[in-house]
Amino acid sequence: MKSLRILATAAPALFLLASSLPLAAQAPAGAAPAPARAGRGPQRPQGPTPHFADGMVDLSGVWNGGGPVGDIEQGLPKGEHAPLSEAGKKMMAAKQSKDDPEANCLPTGIPRIAPYPWRIVQTPTHVFILFEGNIHSFRQIFMDGRKHPDDPDPTWYGHSVGHYEKDTLVVDTVGFNDKFWFDFRGHPHTEQLHTVERFTRKDLGTLEVETEITDPGAYTKPFTIKFTASLRPKEELMEYICQENQQDAQHLQGAAGTPQNP
Amino acid sequence: MKKNICILIAAAGLFTASAPLFAHHSFASEYDSAKPIEVTGTVTKVEWTNPHARFYVDVKDPSGKVLNWNFELASPNVLIRQGWTRHSLKEGDQIVVKGNRAKDGATMANAATVTLADGKKVFARSQTDGQ
């Protein structure tokens, strides 16, 4: 049965690479070994891009990375900035860290990602992206050729339709609400947001996620960010209910985060 | 000796640089990395919950008054993937905790290192393991 194709993807690779560096140094003695780590982060499994029997690219696996956490500008070439309009700059300047929806256990939206693993499930009619954390939720991408509705209700993950271009899954999404932030810094958007994501499994262990962002309500022109997710072959998604014991948002101070792509 | 100091400084820089990236909230907006704290006390409760595991410690201040401190760790998911368990720290454990206090002055902090009475260290720093 070729219907259930499990393809997992995860969260911010670059970030995880960086984050796992101190982790590797502090791994507890006698702990169950995590996937082998070498040098500056977990070692990605090596091998060619896998395909299903019918030739379709297999995006399966648990992934980490693939989107912005702290600063969407980290997905731009070094030194470049998101083309905020005057309206966008005002929106961003007004944001206070304590109001970050993600800190308040609300969804990341797109293209932001939480630093938790995620998994993709490919079926003939849908692609599902299952998120372990923040929030413990899912995206559904319609693969049956349908169009976007004329007037979609604004939602956190929007209305997504997808298709394959060779080995790339292309996902077009509209119908977003304006509530989520792109990153800790509070890069804004409006309900005019339109994203086109291109998921390309470059090899067994590497998933490149390129997202074109168009939002004339907050940006002067479309711009494209690129992040990379890494396969975590020995991991499974775990439960993560953020609302259970959230005690942070009420202690966050001051304006949203500072630039991280100098 | 000099070499060791250099390594320490390099490591500190790394923590700082990566700090905001690995939690569901901005580390820098909640905790003051410029003001590290160290407390000694008794664990009164461990919460193995998301989005962060937490433990609470009764700490005597210089006047003898006991305050209950709330320490944040990474999420249980992260800690489990590192090999820790919900039994790694228990109520009644005598510990020394180093961390960074909440900027708003609450008796709340991010735990950087936790050392048990026998010298064993448990848990990694939450903002560096992220998640």
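Two residues are in contact if their C-beta atoms, placed from the backbone, lie within 7 Å. This is a predicted model, in which local features need pLDDT of at least 70, side-chain atom pairs count only at pLDDT 80 or more, and totals for chains, interfaces and linings use all residues. Residues are numbered from 1 along each chain as its sequence is written, and chains are lettered from A, with ligands numbered from 1, in the order in which they are written.

Me: Which residues does A:Asp172 touch, not counting residues up to four places away in sequence?
Reply: A:Asp172 lies in strand β7 (residues 168–174) of chain A. Strands (E, at least two residues) and helices (H or I, at least four) are DSSP runs, numbered from the N terminus. With residues up to four places away left aside, the contacts of A:Asp172 are A:Ser160, A:Val161 and A:Val196.

Me: Why does A:Asp172 count as partly exposed?
Reply: A residue is buried if 20 or more other C-beta atoms, placed from the backbone, lie within 10 Å of its own, exposed if 12 or fewer, and partly exposed in between. A:Asp172 is partly exposed because its C-beta neighbours inside 10 Å number 18.

Me: Which residue in β6(A) stands opposite A:Ile141?
Reply: Two strands pair if DSSP finds at least two bridges between them. Strand β5 (residues 138–142) of chain A is joined by 2 bridges to strand β6 (residues 159–165), and the two run parallel. Opposite A:Ile141 in β6(A) is A:Ser160.

Me: Which residues of β5(A) point to the buried face?
Reply: Side chains alternate along β5(A). A:Phe138, A:Gln140 and A:Phe142 point to one face and are not buried. The buried residues, pointing to the other face, are A:Arg139 and A:Ile141.

Me: Which residue in the turn between β4(A) and β5(A) has a positive phi?
Reply: Strand β4 (residues 126–131) runs antiparallel to β5(A), with 5 bridges between them. A:Phe128 stands opposite A:Gln140 in this pairing. The two strands form a hairpin with 6 residues between them, and the turn residue with a positive phi, of about 25°, is A:Asn134.

Me: Over which residues of chain A is the pLDDT below 50?
Reply: The predictor's confidence in each residue, from 0 to 100, is its pLDDT. Chain A has a mean pLDDT of 85, and 82% of its residues reach 70 or more. The stretch below 50, which has 128 contacts in the model beyond near neighbours in sequence, covers residues 1–40.
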